[in-house]
Amino acid sequence: MKTIIHTRARAPLFKAFLLAGTLMASPGVALAQATADSASTAAEAIDSADIVVTALRRNTRLQETPLAISATSGEALAAAGSSSFTDLTRNAPSLRIVDSGPGQRRVLIRGIQSSGEPTVGVYYDETPVSGSVSTSSDAAGTTPDFRLFDVERAEVLRGPQGTLFGSGSMGGTLRVIFEKPRSDKVEGAVSANLSTVEGGKEGYSIDAMVNLPIVADKLAVRFVGYYNKFAGYVDNVILASDPTAKNVIDSTPAGDPFLRNDKDINDGYAAGGRALVRFTPSERLTIDLAAYYEKVSTQSPGWRLEPSAILGRKYVTSARARAGNYDENRIYNGTIHYDFDGFTLVGVTSYFDRDRVAVSDVGDTFNGRDTAAGCRQFLLRNVGTCTDAQLATYLPATRAIQQSSLYQPQSVKNWVNELRISSNNESPFQWTAGLFLEDRKTVVRSTLLTANPADGSLYDVDDPTALAYDRTIFDYLKQKAAYVELSYKFFDQLTLTAGTRYYDFRKRVGGQIDLGQIHYSSGITPYTEAKNKEDGFIYKFNLAWQANPDLMFYAQAAQGFRPGGVNQVIGLPAALAGYSSDSIWNYELGAKTKLARGIYFNVAGYRIDWDDLQVSARTTGTGSVFGLIANAGAARIWGAEAELTADITSNFSVSGNLGYTDAKLSQDQISTIVTATGRKGNRLAFIPKITAGVAAEYTHELNDDMEGIVRFDASHVGKSYSTLSPTDIYRRLIPSHELANLRFGVQQPDNDWGLYFYINNLFDDTAINSSSSSANTGGLTNTFSAPPRTFGVNVTKRF
């Protein structure tokens, strides 16, 4: 049967357009409001040089900020139909998001990717968020994703931001700044979508905002709510929607062989909103209070290459038990700004509360083990032969877990406090200083739950007969830091900046196994605990030359880091429990230019040296072998980025971006403690060499009250690999892909209302963004991709 997994559209028009975009290069930079902390003026189109960002923790214009930074306004996000921060990948070079579905996203910038704490700091307003440490101490892989509606702007800061944004920002920082309440008028907005995926279900969403002044020019509230029903497109060819039906692989029924599948299983939903209060008792003082909430419930959008190849059909899975993500995120924030003469004080307190249940099918791990040989290997550890009595116990227990999932309830509670002061005058001497505290507690329970053979639904976790493994881990992280960044402008052209951050963290991890599993080589283990601590300094140096108002050059050397930790492995020798922080030095040259009115071109080149990588590895020696995180090896990354945005006419604009990343190990991942798979010269996992994006938008006046609009977006992501070593049996190729979106419609010139039609994934490319394999999948390849071609209609209204 013909396999159609990796076919990609090669429309000549699209290829030409994409090539033109890679030669141009920019992040669809649209326009932000005139100040970084106020939404009290109406949004209006302004020159790109006047975009104000807060990447330096104080207000600076985008083109005068000597950093590699992309800024996209909420207006631009809405124009492109963007609703998730995953869409920012087409707006910023060197930004990569490994998307495994809602709530399961890993954010990468400039090729900085490995197990452990996040390498990119993700902020919603002033609140940093991260995933749970899960069962593999890998908090980076489950970044929360709040819906992007009523956004002021999004900033992507490329390169280490450790001095100002702390740990977790060693590769860069992604910031989403939402619109704030306005006390001068009542306003509202609504956006409704209806869509359908080829070969899948219909989906829909509705987003709404209302802004209410309470006391004129003093107090206002702003409410945002949304509901998003996903358009499912993944079919399960093992589990039938009708439990009495035979499945496709075992016995194909007459007629349509897929009629009895469990169809479109990933048609879950996300719902949430936020409530914001802004109180401005005086011109100097602003107090912001906010509460955010989001709930996600969906089965996994992952599919498998092997059943797809057999059936000649994409987007199918052979999982024999349910898998998915069930997630609740809450943020509570209070921020106070006070403008003194010459400096501004900002105080922030944030509480991030996350409850998540991660479910993954692992039944294929135990395939072929329900034999006498399996009994000898896993029950007796290859010593002796199983008796009939032992087989009578072992065989049914093993067959039961051949239809099972890892069911992992997880909670994260993170309290962050920050106090900073920064200059707010026109002096040649500018500065920022601050204090930072973080207290994070994570609890992860990992269970192996058996499933109902009829439909794959999991039995109750509170039913002891359904449990085949039960482990609980408690992970505590406390951080404190102090930072300062100083800059001085000489001769109105040359600016020297130096910054440093002192950090101190304490990590404590404890756990217990209440029910062992012979196939995991684990037995009942009482609570044990290990600790780790570390402190130190990181530094940043920047030299910027404003040659003329339209041209700036900069050179930067900046350091980034992320905390070490303590392995969760129960029974691990104490000497191996802790692992230290890893760090990078980023050396960068860049230029920001204005080529003509409304045309901007920015470029940067960099080299990154990454030492003491935190890697997933196994212990060396002939004794017990443990899987753990340890420090081993080093990497070197060379890269370049270019961005261009051009307002060709008042109603036609184009933009594009191009990123090149050559990320390889510079040392073998071998130490006296562990041996990992990576060897010098191996490419880092999930990092394509080339990424590119292009966007074009054209509006045409139809009459005094209406205009037509057409927008085209396209992106290219080069090939990458899922693991480091070319000899790794679980290494998988992630093919290159191109995605194109077309959006057209009519709107009022002032955006009071709009009616749009769109086609996402215009050429129906099989855009795989993540593929992986492991013993837990029995060697099968779990794959996550963009949805197939999607048709939709969008209606917007502002009042």
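A charge is taken to sit over a ring when NZ of Lys or CZ of Arg is within 6 Å of the ring centre and within 35 degrees of the ring normal. With that in mind, I turn to the predicted model shown above. In this model, the charged end of Arg-743 sits over the ring of Tyr-756, at 4.7 Å from the ring centre. Arg-731 is placed likewise with respect to Tyr-721: this arginine lies over the face of the tyrosine, 3.9 Å from the centre of the ring.

Let me step back to the overall picture. The protein has 799 residues, and 59% of them count as buried. Its secondary structure consists of six helices and 44 strands. If we take the contacts with a separation of 6 or more, 69% of them join residues 24 or more positions apart. The accessible surface comes to about 31300 Å², and carbon and sulfur atoms account for 58% of that area.

I now come to the aromatic residues. A pair of aromatic rings is described by the distance of the centres and the angle of the planes. How many aromatic pairs does the structure hold? There are 25 aromatic pairs. One of them is formed by Trp-303 and Tyr-315, whose ring centres are 5.1 Å apart and whose planes stand at 65 degrees. Planes over 60 degrees apart count as edge-to-face, and the pair is therefore assigned to that class. This pair links distant parts of the chain, 12 residues apart: Trp-303 belongs to strand E17, residues 303-304, while Tyr-315 is in the loop between helix H4 (305-311) and strand E18 (316-317). Trp-303 is buried, with a relative accessible area of 0%. Tyr-315 is buried as well, at 7%.

For a second pair, consider Trp-545 and Phe-553. Here the ring centres are 5.9 Å apart and the planes are at 25 degrees, so the pair is stacked. Are these two residues buried or exposed? Neither term applies: Trp-545 is partly exposed, with a relative accessible area of 41%, and Phe-553 is also partly exposed, at 36%. Elsewhere, ring pairs join Tyr-124, Phe-146, Phe-178 and Tyr-292 into a cluster.

Next, two buried residues and their surroundings. Phe-561 lies in strand E26, which spans residues 551-562. With 1% relative accessibility, Phe-561 counts as buried. Which residues does Phe-561 touch, leaving aside those up to four places away in sequence? The list comprises Gly-166, Ser-167, Gly-168, Met-170, Gln-479, Tyr-503, Ile-538, Asp-582 and Ser-583. In addition, the C-alpha atoms of Phe-561 and Ile-584 are separated by 6.5 Å, although these positions lie 23 residues apart along the chain when counted as a separation.

The second of these residues is Ser-169, in the loop between helix H3 (162-165) and strand E9 (172-178). Ser-169 is buried, and its relative accessible area is 0%. Its side chain makes a polar contact of 3.0 Å with the side chain of Thr-173. Beyond residues up to four places away in sequence, Ser-169 touches Thr-119, Gly-121, Gly-159, Pro-160, Gln-161 and Gly-162.

Helix H5 covers residues 372-379, and its buried residues are Gly-374, Cys-375 and Phe-378. Why are these three described as lying on the same side of H5? They cover an arc of only 100 degrees around the axis, and that puts them on one and the same side of the helix. Helix H6 (388-400) is among the elements that cover these buried residues.

My last topic is backbone conformation. Most residues other than glycine have a negative phi. Just after H5, however, Arg-381 takes a positive phi of about 55 degrees. Asp-150 also has a positive value, near 60 degrees. This aspartate is found in the loop between strand E7 (127-129) and strand E8 (151-158), and at 11% relative accessibility Asp-150 counts as buried. Asp-764, which is not a glycine either, has a positive phi of about 55 degrees. Where is Asp-764 placed? It is in the loop between strand E41 (753-760) and strand E42 (768-772).

Notes:
Residues are numbered from 1 along each chain as its sequence is written. This is a predicted model: local features need pLDDT of at least 70, side-chain atom pairs count only at pLDDT 80 or more; totals for chains, interfaces and linings use all residues. Side-chain values use heavy atoms; hydrogens and water are left out. Buried means under 20% relative accessible area, exposed over 50%, partly exposed in between (1.4 Å probe, protein chains only). Helices (H or I, at least four residues) and strands (E, at least two) are DSSP runs, numbered from the N terminus. The arc is that of the directions from the helix axis to the C-beta atoms. Contact means heavy atoms within 4.5 Å. Rings of Phe, Tyr and Trp (its six-membered ring) pair if their centres lie within 6.5 Å; planes under 30 degrees apart count as stacked, over 60 as edge-to-face and the rest as tilted. A polar contact is a pair of N or O atoms within 3.5 Å; within protein, one must be able to donate a hydrogen and the other to accept it, and residues adjacent in sequence count only if both atoms are side-chain atoms. Accessible areas come from the Shrake-Rupley method with a 1.4 Å probe; for residues, only the protein chains shown count as cover.
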